[in-house]
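Grab a pencil and work through these exercises on the model below. Each task comes with a solution that goes step by step.

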Amino acid sequence: MTRENQARRIATAAAYGGGGLVGVGAAVGGLLVAEGFLARKTIGIRRESAPYADGYYGPKRRGTSLRFVMMGDSSAAGLGANGPLETPGALIAQGLVDAADRPVRYVSVATVGARSEHLPGQIQRALILRPHVAVVMIGGNDVTHLVRPQKAVRFLEEGIRELVEAGTAVVVGTCPDIGTIRPVRQPLRWLARRLSRQLAAAQTIAVIDAGGRSVSLGSILGPEFDANPQDMFAADRFHPSSAGYAKAAEALLPSVLDSIGLAPAAEEELDPQRGDEFLPVAEGAVSAAEAEGVEVIGAVGGDTAHRGRWVQLRHRVRHPLRKPEPPAPLSADIPWADDPEPGPPRNLPMLRDPFAKR
């Protein structure tokens, strides 16, 4: 079975609620569980919480605020970062402030230890804010807990579809490369890498079908992390460090900006010199899962079925991230737009802050 067929089979099974582990026998699966237990025992239990980074970023900027939500697991929450302003959500929020020249209302609903099955609860919390854009980082815990990929992908697709139908632009950072984690030993490292990329490819197909876009994080959290673990991993050797999160945020930000119409005009067109191309969806998903920071978007033009079969692979230009300015608390009296549609909000009457008592 080719990788394209595996990814398509997982995504198809997710749509119909069937299937088990693809390409992994029971004995190998048992080995994965045993080795995974030993790895978690070596890593230990993380008792601290992720840094709290919610707030109004760019509070001195004029105009109604953009609304941005981060959801997913500990990587989305920034567990392992040295402080709130070094989490991926804070870095992306500051990038939005600089691009839009207006304040950004940032809330994270990500939770440490979350798997894809926990997304529905996070999405219900996120929709209270009516976000213009959401970033999802999920999948690592699905791999380490041997969750059926079809089950994980189904929760992801249903969640993305609900957000998109509510008017939110969605960018998904696909499953990272679990095979780079140092406490994970061979042959588990090889198998974890295979399962991570298999899930990432299937996630991409599901995200495109649901109307979102994906950015591959496997390679970003792969060779560079593997070659420089002392800098890219936190002290637990499992979660990224502040430097690691900066790499992930740097890859995600251009896609976030483009999803709400804030990308530079010069970067809107495909650039074949950077490797941008059109591919069938399964082939594109596998290609992105094997590469570093590649964005996958449904092909422009044609009907829904056409967009589901073909995708754009984009190698976005990355710009240096600026250290976030300390945000104002969410209870600050800053106007925000009553506009659930993607794109820069219009200047509409200020509404009551639903997070004022948080």
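**Exercise 1.** Work out at what angle helix H5 (residues 119-127) and helix H7 (residues 149-165) pack, and which residues meet.

*Solution.* Step 1: the two axes, lines fitted to C-alpha atoms over the stretch in contact, lie 10 Å apart at an angle of about 10°. Angles run from 0 to 180 degrees between N-to-C directions. Step 2: that angle makes H5 roughly parallel to H7 (under 35 degrees; over 145 would be roughly antiparallel, 65 to 115 roughly perpendicular, and the rest oblique). Step 3: H5 passes H7 in a right-handed crossing, where the near helix is turned clockwise from the far one by less than a right angle. Step 4: from H5, Leu119, Pro120, Ile123, Gln124 and Leu127 meet Phe155, Leu156, Gly159, Glu162 and Leu163 of H7.

A word on the input: this is a predicted model, where local features need pLDDT of at least 70 and side-chain atom pairs count only at pLDDT 80 or more, while totals for chains, interfaces and linings use all residues. Residues are numbered from 1 along each chain as its sequence is written, and side-chain values use heavy atoms, with hydrogens and water left out.

**Exercise 2.** Do the same for H4 (residues 88-100) and helix H11 (residues 242-259).

*Solution.* Step 1: the H4 and H11 axes come within 9 Å and cross at roughly 40°. Step 2: that makes H4 oblique to H11, and the crossing is right-handed. Step 3: list the residues in contact (heavy atoms within 4.5 Å). On the H4 side they are Pro88, Leu91, Ile92, Gly95, Leu96 and Ala99, and they meet Tyr245, Ala246, Ala249, Leu252, Leu253, Val256 and Leu257 of H11. Step 4: look at what else H4 does: it lies across E1, E2, strand E3 (104-108) and E4, running at about 160° to E2.

**Exercise 3.** Lay out the sheet: what is the strand order, and which strands are at the edges?

*Solution.* Step 1: helices (H or I, at least four residues) and strands (E, at least two) are DSSP runs, numbered from the N terminus. The chain has 13 helices and 9 strands. Step 2: the open sheet of 9 strands reads E1-E3-E2-E4-E5-E6-E8-E9-E7, with mixed pairing. Step 3: strand E1 (55-57) and strand E7 (277-280) are the edges, each pairing on one side only; two strands pair if DSSP finds at least two bridges between them. Step 4: ignoring direction, neighbouring strands are turned by 25° against each other on average. Step 5: zoom in on E2 (residues 66-72) and E4 (residues 133-137), which run parallel and are joined by 5 bridges. Met70 has Val135 in E4 as its bridge partner.

**Exercise 4.** Decide whether Ala77 and Thr204 are buried or exposed, and find what they touch.

*Solution.* Step 1: buried means under 20% relative accessible area, exposed over 50%, partly exposed in between (1.4 Å probe, protein chains only). Step 2: Ala77, in helix H3 (residues 74-77), has 9% relative accessibility, so Ala77 is buried. Not counting residues up to four places away in sequence, Ala77 touches Ala50, Pro51, Thr87, Ser108 and Ala110. Step 3: Thr204, in helix H8 (residues 188-210), is buried because its relative accessibility is 3%. With that same sequence cut-off of four places, Thr204 touches Thr174, Ser214, Ala285 and Val296. Step 4: Ala285 is also one of the buried residues of H12.
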